[in-house]
Amino acid sequence: MRVIKHYRVHLGTLAWILHRLSGLALIFYLLLHIWVIHHLIGGEESFDGIMERFNNPLFKFLEVGLIGVIMFHLFNGLRVTLIDMGVLVERQKLLFGIAVALWLVCWFVISVAMISRFGGVPFS
Amino acid sequence: MATHAFKINRYNPDDERRGHYMQEYPLDVQKGWTILDCLNEIKWKQDGSLTFRRSCRSGICGSCAMTVNGVNMLACETQALTLKSSTIVVEPLRGYPVIKDLVVDLEPLVESLYAVKPYLITKTPLPTDQERFQSPEERAKIDGLYECILCGACTSSCPSFWADKKYIGPHGFLKAYRFVADSRDEGTREHLEALDDKHGLWRCHTIFNCVEACPKDLNPTKAISELKKELVREKIG
Ligand code: FES
């Protein structure tokens with residue numbers, strides 16, 4: 001017997017899908033991160049070598065994107081936590097609006113700070 | 001030219017080869033007609049083989065829940081003109097096996113309902129010649145919970161249910177909380193028993209489809225939050 005499985009997308013669904021996708025992206029980043037860090041075992045030279053490989057404009061822009069993904073997951077995660085605690089459940093759409101606003105503002109501020117340092121040494 | 005085109009998802013178990021298909025019916029919709037009126041009109045005047053479930057035609061029994069233009073609703077409570085669309089797509093509820101045309105098998109809905117023991121559980125004996133009294137304030141606590149007519153619109157819209165057929169579902173949680181919140185009920189543990197499980201509360205991903213779908217404007221997600229708090233309170237005191 002056939003079972004239909006899709007439903008009109010609304011704000012709650014969108015929040016859930018984006019949360020899942022950003023979560024998956026972060027898992028991928030974490031694996032990459034661990035792989036990079038593991039070069040420490042090979043000593044200073046090996047670690048500097050791998051860091052050098054990431055020291056190019058593509059990865060710097062990807063880092064700006066990464067911050068965006070983290071920030072979204074963070075703020076929507078706080079929204080979900082509030083909902084789980086029974087806070088403003090009836091106003092979940094408003095909560096999502098606030099989460100998105102905070103996400104965009106923080107992402108913008110941090111991006112500006114990061115891009116302005118592009119010429120120099122990252123995170124110094 | 002008819003005012004509306006009804007596209008209805010059809011399926012006849014005696015004609016497996018044909019499977020599921022969409023059939024279109026033109027219909028002149030009058031002001032005030034509900035979707036159920038329209039379906040009746042089609043069944044009575046155009047195609048007697050069209051099959052759907054309805055009983056009360058007044059939003060009480062929950063038989064006529066179906067998916068209209070992609071959204072779950074009660075056919076008897078929705079006026080066709082309010083959809084503001086000249087094409088109206090009618091499909092059976094999602095997530096449940098289709099028996100025929102718009103009729104789905106709601107057995108899983110009933111089974112998960114039984115799991116939460118959807119009845120008043122009491123331990124202290126009834127005071128002689130008396131009912132179990134409730135103050136107006138205590139009674140107000142089950143507003144927004146007791147109104148559920150178990151039509152299945154919420155659970156059928158829930159992706160967690162699509163992924164796990166044993167998932168209790170928003171209707172079960174709402175019903176469980178209706179009794180947990182009832183001042184006369186003394187069986188909180190019994191109601192919660194089935195909820196602290198991989199097919200229970202923790203599978204809710206706060207997608208809110210159930211809230212969008214409920215034709216009675218109830219909020220199962222709110223009930224889920226309250227039940228989660230209840231479980232956590234039980235565990236860590
Ligand atoms: S027929 Fe009873 S709820 Fe619609």
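What follows is a short chat about the contact of chains A and B and about helix 2 of chain B in a predicted model.

Tutor: Residues are numbered from 1 along each chain as written, and chains are lettered from A in the order written. Local features need pLDDT of at least 70, side-chain atom pairs count only at pLDDT 80 or more, totals for interfaces use all residues, and side-chain values use heavy atoms.

Student: Why is A:D84 with B:K228 called a salt bridge?

Tutor: The rule wants a side-chain nitrogen of Lys or Arg within 4 Å of a carboxyl oxygen of Asp or Glu. Here the closest N and O atoms are 2.7 Å apart, so the pair passes. The rule finds 2 salt bridges across this interface.

Student: What makes up the contact (heavy atoms within 4.5 Å)?

Tutor: Chain B gives 30 residues and chain A gives 23. About 2,500 Å² is buried between them, 57% of it on carbon and sulfur atoms; that's accessible area (1.4 Å probe) lost on being put together, summed over both parts.

Student: How do you know that the buried residues of helix 2 of chain B are on the same side?

Tutor: Buried means under 20% relative accessible area and exposed over 50% (1.4 Å probe, protein chains only). B:L109, B:S112 and B:L113 are the buried ones in this helix, residues 107-115. They cover an arc of only 110° around the axis, so they share one side; the arc is taken from the directions from the helix axis to the C-beta atoms.

Student: Which residues are exposed on the other side of helix 2 of chain B?

Tutor: B:E111 and B:Y114. Helix 6 (169-180) of chain B is included in what covers the buried residues.

Definitions and conventions. Contact means heavy atoms within 4.5 Å. Buried area is the accessible area (1.4 Å probe) that two parts lose on being put together, summed over both. Helices (H or I, at least four residues) and strands (E, at least two) are DSSP runs, numbered from the N terminus.
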